[in-house]
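Reader: Thanks for sitting down with me. Could we go through some of the labels for this chain and the reasoning behind them?

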Amino acid sequence: MTVEITSHEELRELLGVPTARAANKERNRLHERDREWLAASPFCLVATAGADGSCDVSPKGDPAGFALVLDDTTVALPERPGNKRADGYRNILDNPHVGLLFLIPGRTDTLRINGRARLVSDAPWFDDMVVKGHRPVLAVVVEIEQIFYHCAKAFLRSALWQPETWQPDALPSRARLIKEVEAPVESLEDLERHYGPEYARKIYA
């Protein structure tokens with residue numbers, strides 16, 4: 001029999017009460033250590049939701065420090081060339097609430113930022129976001145409402161950063177997955193060439 005949780009009271013009874021440290025760790029302004037974390041982080045997950053509640057999580061990555069701190073309550077993330085679906089960006093236009101999760105490779109804790117986002121197509125600080133000659137055509141500006149560090153348990157349980165647990169060949173290549181799952185018109189050979197060595201050299205093109 002499946003037992004569903006349908007109320008806040010049931011959830012709290014099941015999970016218990018958070019410790020005072022966990023309950024009170026939220027802040028709404030950047031600490032100097034937060035700035036240092038952002039300067040060291042090359043990767044962020046951006047969670048958004050549309051007006052109808054449909055959700056999206058998009059990975060963003062660049063050289064460490066790609067998240068630009070504008071002031072003590074504002075950060076900006078640059079857009080880089082991608083697949084042009086813009087799922088998260090369309091969500092932001094309908095619903096500005098976003099969640100950001102910043103990772104540092106090898107670290108088992110993370111930095112979480114929740115806030116309200118807006119899309120900007122140009123600003124003087126875009127010049128500070130140039131990477132390999134690429135100036136972003138878009139940036140996500142996030143006004144911080146909550147910021148806190150998240151504990152290491154998920155990364156410890158998953159052994160995410162332990163190379164001996166990595167299995168990159170557990171599934172077929174990216175090209176073969178696309179061919180089998182999405183059934184594109186391109187041949188497997190064409191897809192293999194597209195996702196070969198040239199792919200990494202063109203990520204800012």
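Reader: What makes Glu198 and Arg201 a salt bridge?

Author: Happy to start there, and please keep in mind that this is a predicted model. The side chains of Glu198 and Arg201 meet at 2.5 Å, N to O. The cut-off is within 4 Å, so the pair counts as a salt bridge. Both residues lie in helix α8 (residues 197–201), 3 residues apart, about one turn of the helix.

Reader: Why is Arg201 called exposed?

Author: Its relative accessible area is 59%. Exposed means over 50%, so Arg201 qualifies. Glu198, at 36%, counts as partly exposed because that value falls between 20% and 50%.

Reader: How do you know that Asp72 and Arg29 meet in a salt bridge?

Author: The distance is 3.6 Å, N to O, and the limit is 4 Å, so this pair passes too. The pair links distant parts of the chain, 43 residues apart: Asp72 sits in the loop between β3 (68–71) and β4 (74–78), and Arg29 in the loop between α2 (20–23) and α3 (32–40). Arg29 and Asp72 also belong to a network of salt bridges with Arg35.

Reader: Why is Asp72 called partly exposed?

Author: Asp72 has a relative accessible area of 29%. That is neither under 20% nor over 50%, so partly exposed is the label.

Reader: And what makes Asp127 and Arg135 a salt bridge?

Author: Their side chains meet at 2.7 Å, N to O, which is within 4 Å, so the name applies. A search of the whole structure finds 14 salt bridges.

Terms used
Residues numbered from 1 in each chain as written. Predicted model: local features only at pLDDT ≥ 70, side-chain atom pairs only at ≥ 80, totals over all residues. Heavy atoms only, no water. Helix = DSSP H or I, 4+ residues; strand = E, 2+ residues; numbered from the N terminus. Buried < 20%, exposed > 50% of the residue type's maximum accessible area, 1.4 Å probe, protein only.
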